[in-house]
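Me: I'm new to this one and would like to learn how to read it. Could you walk me through it, feature by feature?

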Amino acid sequence: MNKKQFIEDYKEAFGEGAALPIAFWHSDKPVAALEAMNACFFPAFEKVREGQAVSFDATTMKCGGGKFYCGLAPMPEYVPQFVSEKEHYKASPHLVQDFVARLEIEVDKHKYLNIQRLDQVEDSIEYYGVLIFATPDILSGLVSWACYDNASEDAVVTPWGSGCSTTIRQVINENENEGQRCFIGPFDPSVRPRVRANELMFAIPTSRL
């Protein structure tokens, strides 16, 4: 993919005011100074949208689920019970365990997760994919793009899961498998208050770009 051309096409299609795509990847060194996030890390995307890169490791990302889905630490033992009996997002902890097992998540060999606006990412960086904050009209266009040359019924999917699992983790897995699916999220009720009310995220693995 030609990063510059993609950004130009994106701006032409959706206007200069559209939120620019955001890339993410693991590395041995952070691209930004580490700042602790005591809860969900999604509010950090606001900084990224404004042009400030962010980096996390297992000590600065405090959310146990976030650390796990981002590949920074193993899953805390309490997660299945918490998701089922505290958040009431699944009928039983067993269903949560089945969901997690299918994702086959391992702690990444690199210590840091970096998130940066695509137009600022160095050309040498191999990122997993891009995340786009999209209004309904922009989302319509992105889905149309994704289905234009892909006749698969799952060209665009909306999997269940936390915000970080349906965007970060699904894209990592899809890219590693050289897949073609794109993802819409987050529908997690816990993360919705942490993103803008009129937007969803459209996630594209680099293998699809």
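Reply: Sure, we'll go through the sheet, a cavity and a few backbone details. Keep in mind that this is a predicted model.

Me: Let's start with the sheet. In what order do the strands sit?

Reply: Follow the neighbours across the sheet rather than along the chain. Here seven strands make an open sheet with mixed pairing, and the order is β2-β3-β1-β4-β7-β6-β5.

Me: Which strands stand at the edges?

Reply: β2 (54-56) and β5 (156-157) do; each has a single partner strand, so one side of each has no neighbour in the sheet.

Me: Who are those partners, and in which sense do they pair?

Reply: β5 pairs with β6 (residues 182-185) in the parallel sense, over two bridges. Look for valine 157 opposite phenylalanine 183 in β6. At the other edge, β2 pairs with β3 in the antiparallel sense over three bridges, and serine 55 stands opposite asparagine 114 of β3.

Me: What about the other side of β3?

Reply: There you'll find β1 (residues 22-27), which pairs with β3 in the antiparallel sense over six bridges. Phenylalanine 24 stands opposite isoleucine 115 in β3.

Me: Which way do the side chains of β3 point?

Reply: In a regular strand, side chains alternate between the two faces of the sheet. In β3, Tyr112, Asn114 and Gln116 point one way, while Leu113, Ile115 and Arg117 point the other way. Six of the six residues in β3 (residues 112-117) are buried.

Me: Now the cavity. How much space lies in the largest one, and what lines it?

Reply: The largest cavity holds about 30 Å³. Its lining includes Phe42, Phe133 and Val195. Helix α2 (residues 44-49) gives the largest share of that lining, three residues. By class, the lining has five nonpolar and four charged residues, with no polar ones.

Me: Where is there a cis peptide bond?

Reply: Check omega: the bond from glycine 185 to proline 186 is cis, with omega near -10 degrees. Proline 186 is in the loop between β6 and β7 (200-205).

Me: And which residues other than glycine have a positive phi?

Reply: Histidine 88 is one, with phi of about 60 degrees, in the loop between α4 (79-86) and α5 (93-103). Another is glutamate 178, with phi near 55 degrees, in the loop between α7 (163-176) and β6.

Me: Why do these two count as exposed?

Reply: The cut-off for exposed is over 50% relative accessible area. Histidine 88 counts as exposed because it has 59% relative accessibility, and glutamate 178 does because it has 65%.

Technical notes: Residues are numbered from 1 along each chain as its sequence is written. This is a predicted model: local features need pLDDT of at least 70, side-chain atom pairs count only at pLDDT 80 or more; totals for chains, interfaces and linings use all residues. Side-chain values use heavy atoms; hydrogens and water are left out. Two strands pair if DSSP finds at least two bridges between them. Helices (H or I, at least four residues) and strands (E, at least two) are DSSP runs, numbered from the N terminus. Buried means under 20% relative accessible area, exposed over 50%, partly exposed in between (1.4 Å probe, protein chains only). On a 1 Å grid over the protein atoms alone, a cavity is a set of points where a 1.4 Å probe fits but cannot get out, and a pocket is an open set with protein on both sides within 12 Å along at least five of seven lines; lining residues have an atom within 4 Å of a point. Grid points are joined across faces, edges and corners, and a volume is the space filled by probe spheres set on the points. Ala, Val, Leu, Ile, Met, Phe, Trp, Tyr, Cys and Pro count as nonpolar, Asp, Glu, Lys and Arg as charged, and the others, Gly among them, as polar.
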